[in-house]
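The report below describes a pair of chains, beginning with one helix packing and then widening to the chains and their contact. Please look at the sequence and the model first.

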Amino acid sequence: MVLSKPKQQAVSSFASELEIKGRSLWQDAARRFFKNRAALASLIILSCITLLVILGPLLSAYAFDEPDWASMHSAPDFAAGHYFGTDSLGRDLFVRTLMGGRISLMVGILGALVAVVIGTLYGAAAGFIGGRLDRVMMRTLEILYAFPFMFFVIMLVTFFGRNLWLIFIAIGAVSWLDMARIVRGQTLSLKSKEFIEAAHVCGVSQWKIITRHIVPNVLGIVVVYSTLLVPGMILFESFLSFLGLGVQEPMTSWGALLDEGSKSMEVALWHLLFPAGFMVVTLFCFNFLGDGLRDALDPKDR
Amino acid sequence: MLKFILKRLLEAIPTLLVLITVSFFMMRFAPGNPFSTERGLPPEVMANIQQKYGLDKPVYQQYLTYLGNLAQGDLGPSFKYKDFSVNDLVSKALPVSATIGSFAFLLALGLGVSLGIMAALRQNSWVDYGSMSLAMLGVVMPSFVLAPVLTLIFAINLQWLPAGGWNGGHLQFMILPVIGMTMYYISSIARIMRGSMIETMNSNFIRTARAKGLPLHHIILRHALRPAMLPVVSYLGPAFVGIITGSVVIETIFGLPGIGQLFVNGALNRDYSMVLGLTILVGALTITFNAVVDILYAFIDPKIRY
């Protein structure tokens, strides 16, 4: 049967109208995320803190490592421009808190990145390839789980020098275990899902299945988990700096500032309060952000 | 069951061996040594010291000797504190850490679980919101912020409790360290417990129990508690490790003569045998505890076949 030309056109235009504009997983997630006020507020506060931490030290009249001989150990003083006061050596605490924030956030984000890359690759490899390799890789992971890693990091840092890069790598290398487990589990369960089978049946190539179907589905959980990793990393770095094993003077981080602050809090409470406030607010926001992202990206929950 | 327990415990042995080997070789190939001073020792003295501690022998021989001694429970002499063996120092420090740690652990478990249940039963009420905001605060407030603040309030301003020290394990001296350590774990356990309790209370068998007209406390204690505890039980392993490592910070702040303090001093002094011994001890504790948690889990969860 041969259709006339106008009829053919009508059919094809009908078919093109049939194609409903799909909502992608990410559009959906974005819509849900922006409805969550706590998560959105956290995102805004975090952006402000990040901007402040990057730009603040550049704009301030004082350098983070230069003592102001005129006002040592002084309380917060707006007239002199020491908004948070000065530390016991007369260095401006406002600038130091921001510089510390730079280091803490950088360690947090880079550390999380290292952990995410190692963990995702390891987990995805174990999940995809499966079989014997999977068993060996998971057994290795179990052995690594039993290591008291904090002790290993302290050992590394004391014996091989206190280098910021070493801290990044040590912290990142320690925290990829959970990530690997999560990604492996996710890939395993995805591999046998109906929509993957359907794609196979339709003749979609292996590579296309991985990039188009598996990666986006794993990505959600990776994003959520890395947001929740960052505060952990920041805490870890602060923990090291608090013990005097992290960043070295005159450079500083929130942990190092808290260490100084807790030593002089009886006479100068602001030494403790300002860095602690910044750190707690940041950690709070990362946690809320992570929770919000989880709610937004979980495809089960529509 | 017995077979499962045995198997789980036997599995821990290779893990422990790997741990010992890695720590040993890391320690031996670390730069610097505990005897180097600023002026440097004369080579003859150095040779004597090395001979005394057996450091002049080839590394594999040292490793085998160490392994042999370890099998007999001997962690070797301390490189820094002359006349003391690592065993002496550890046996003095371990009770301190263990006391504080177990108080913190039990408190976290008890309070965390009850808080979580309370919040779950009164979901979306002020009890729920109040306890969960507190729990969130507990999670984001690191112990090295919390502990100084506690000291400031209760020891310096109110003068109710001592600011630090151990004093032979007097109860007063333990309160602040235990609170400083346990807050994070109370909060985490409460959050986990709330989530799993809500899920359990919405499940079919609880609906059946309610329909039968059982009293609420009966439903909670007999039916809901066991399945709801599962995620908490699997969190106990990481919590235990965290409490051991957390002791490093708490002991530094409160000046307690425990394992954490010993480890940090050992690392700073490059007291290799001490650091090695403590790493192995803590690793062994961790592995044992994880095995115990696994076995416990198998007991509670009827779905696990062994």
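## A helix pair in chain B

In chain B, α6(B) passes α7(B) in a right-handed crossing, a crossing being right-handed if the near helix is turned clockwise from the far one by less than a right angle, and left-handed if anticlockwise. The contact is made by B:S143, B:L146, B:A147, B:L150, B:T151, B:F154 and B:A155 on the α6(B) side, and by B:L176, B:I179, B:G180, B:M181, B:M183 and B:Y184 on the α7(B) side, where two residues are in contact if their C-beta atoms, placed from the backbone, lie within 7 Å. By class, this contact has 10 nonpolar, 3 polar and no charged residues; Ala, Val, Leu, Ile, Met, Phe, Trp, Tyr, Cys and Pro count as nonpolar, Asp, Glu, Lys and Arg as charged, and the others, Gly among them, as polar.

Two packed helices are described by the angle between their axes and the distance between the axes. For α6(B) and α7(B), the latter spanning residues 171-201, the angle is about 145° and the axes are 9 Å apart, with axes fitted as lines to C-alpha atoms over the stretch in contact and angles running from 0 to 180 degrees between N-to-C directions.

## Basis and confidence

This is a predicted model, in which local features need pLDDT of at least 70 and side-chain atom pairs count only at pLDDT 80 or more, while totals for chains, interfaces and linings use all residues. Residues are numbered from 1 along each chain as its sequence is written, with chains lettered from A and ligands numbered from 1 in the order in which they are written.

The model scores ipTM 0.73 and pTM 0.77. The mean pLDDT (the predictor's confidence in each residue, from 0 to 100) of chain B is 81, and 95% of its residues reach 70 or more. Among the elements of chain B, α2(B) (residues 43-52) has the lowest mean pLDDT, 76, and α8(B) (residues 204-211) the highest, 89.

## The two chains

Chain A has 12 helices and 0 strands, and chain B has 11 helices and 0 strands; helices (H or I, at least four residues) and strands (E, at least two) are DSSP runs, numbered from the N terminus. Of the 302 residues of chain A, 41% count as buried, and buried residues make up 37% of the 306 residues in chain B; a buried residue has 20 or more other C-beta atoms, placed from the backbone, within 10 Å of its own. Because none of the 10 residues of α2(B) is buried, this helix lies largely in the open, and just after α2(B), B:G54 takes a positive phi of about 75°.

## Core and chain contact

The largest nonpolar core (buried Ala, Val, Leu, Ile, Met, Phe, Trp, Tyr and Cys residues joined through C-beta atoms within 7 Å) has 149 residues, of which A:I154, B:I189 and B:F263 touch the most other members. The largest share of this core, 17 residues, comes from α9(B). Residues up to four places away in sequence aside, B:I189 touches B:A108, B:L109, B:G112, B:V113, B:G116, B:V232 and B:Y235.

Between the chains, the contact takes 33 residues from chain B and 26 residues from chain A. On the side of chain B that touches chain A, the largest share, 7 residues, comes from α11(B), and by class that side has 25 nonpolar, 8 polar and no charged residues.

Definitions and conventions: A residue is buried if 20 or more other C-beta atoms lie within 10 Å of its own, exposed if 12 or fewer, and partly exposed in between; C-beta atoms are placed from the backbone.
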